[in-house]
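Hi there,

Here is the structure I promised to hand over. Please have it open while you read my notes underneath.

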Amino acid sequence: MGVKTENEGRITMICPNLTCRRTLSAPVSARGQVMKCPYCDAPFRVPTGNASPGPDTKSGKQ
Ligand SMILES: [Zn+2]
């Protein structure tokens, strides 16, 4: 009924497993959740954000 289909895009990331390193894609609704890589079954956390690997959360005071 009230399901919003936010098709803004998907979050793409690389599997943290160095022996896998496959490109994974997760829906934006899965931000901050822990998912499992379908290839190597390694757990990974979906980053909150689209594509900005900047250390913004690390006290970047100027
Ligand atoms: Zn993997």
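A quick definition before anything else: the strands I name below are DSSP runs of E at least two residues long, numbered from the N terminus. Please also keep in mind that this is a predicted model. With that in hand, Arg21 can be placed in the loop between β1 (10–14) and β2.

On the whole fold, the protein has four strands and zero helices. Read from the N terminus, its elements therefore run β-β-β-β. Of the 62 residues in the protein, 2% are buried. As for contacts between residues at least 6 apart in sequence, 20% of them join residues at least 24 apart.

Now to the backbone, starting with Arg21. Arg21 is not a glycine, yet its phi is positive, at about 50°. Most residues other than glycine have a negative phi. Is Arg21 buried, exposed or partly exposed? There are 13 other C-beta atoms within 10 Å, so Arg21 is partly exposed; a residue would be exposed at 12 or fewer.

Asp41 is another residue to check in your viewer. Its phi is also positive, at about 65°, although Asp41 is not a glycine. You will find Asp41 in the loop between β3 and β4 (43–45). Asp41 counts as exposed because it has 9 C-beta neighbours inside 10 Å.

The loop between β2 (23–27) and β3 (34–36) holds Gln33, and Ala30 and Val28 lie there too. Taking them in turn:

- Gln33 has 12 C-beta neighbours inside 10 Å and therefore counts as exposed. Its C-alpha atom is separated by 8.1 Å from that of Pro47, and the two residues are 14 apart along the chain.
- Ala30 is partly exposed because 14 other C-beta atoms lie within 10 Å. Pro47 comes up again here: the C-alpha atoms of Ala30 and Pro47 are 8.8 Å apart, with their positions 17 residues apart along the chain. Leaving aside residues up to four places away in sequence, Ala30 touches Met35 and Val46.
- Val28 has 15 other C-beta atoms within 10 Å, so Val28 is partly exposed. Its C-alpha atom is separated by 5.9 Å from that of Ile11, a residue 17 apart from Val28 along the chain.

Which residues does Ala26 touch, not counting those up to four places away in sequence? Ala26 sits in strand β2, and it touches Arg10, Ile11, Met35 and Val46. For Arg10, the C-alpha separation from Ala26 is 5.6 Å, and the two are 16 residues apart along the chain. Ala26 has 17 C-beta neighbours inside 10 Å, so it counts as partly exposed; being buried would take 20 or more.

If you only have a minute, I would look at two places. One is the pair of positive phi values, at Arg21 and at Asp41. The other is Ala26 with its partners, including Met35 and Val46, which Ala30 touches as well.

Happy to talk it through whenever suits you.

Best wishes

Conventions. Residues are numbered from 1 along each chain as its sequence is written. This is a predicted model: local features need pLDDT of at least 70, side-chain atom pairs count only at pLDDT 80 or more; totals for chains, interfaces and linings use all residues. Two residues are in contact if their C-beta atoms, placed from the backbone, lie within 7 Å.
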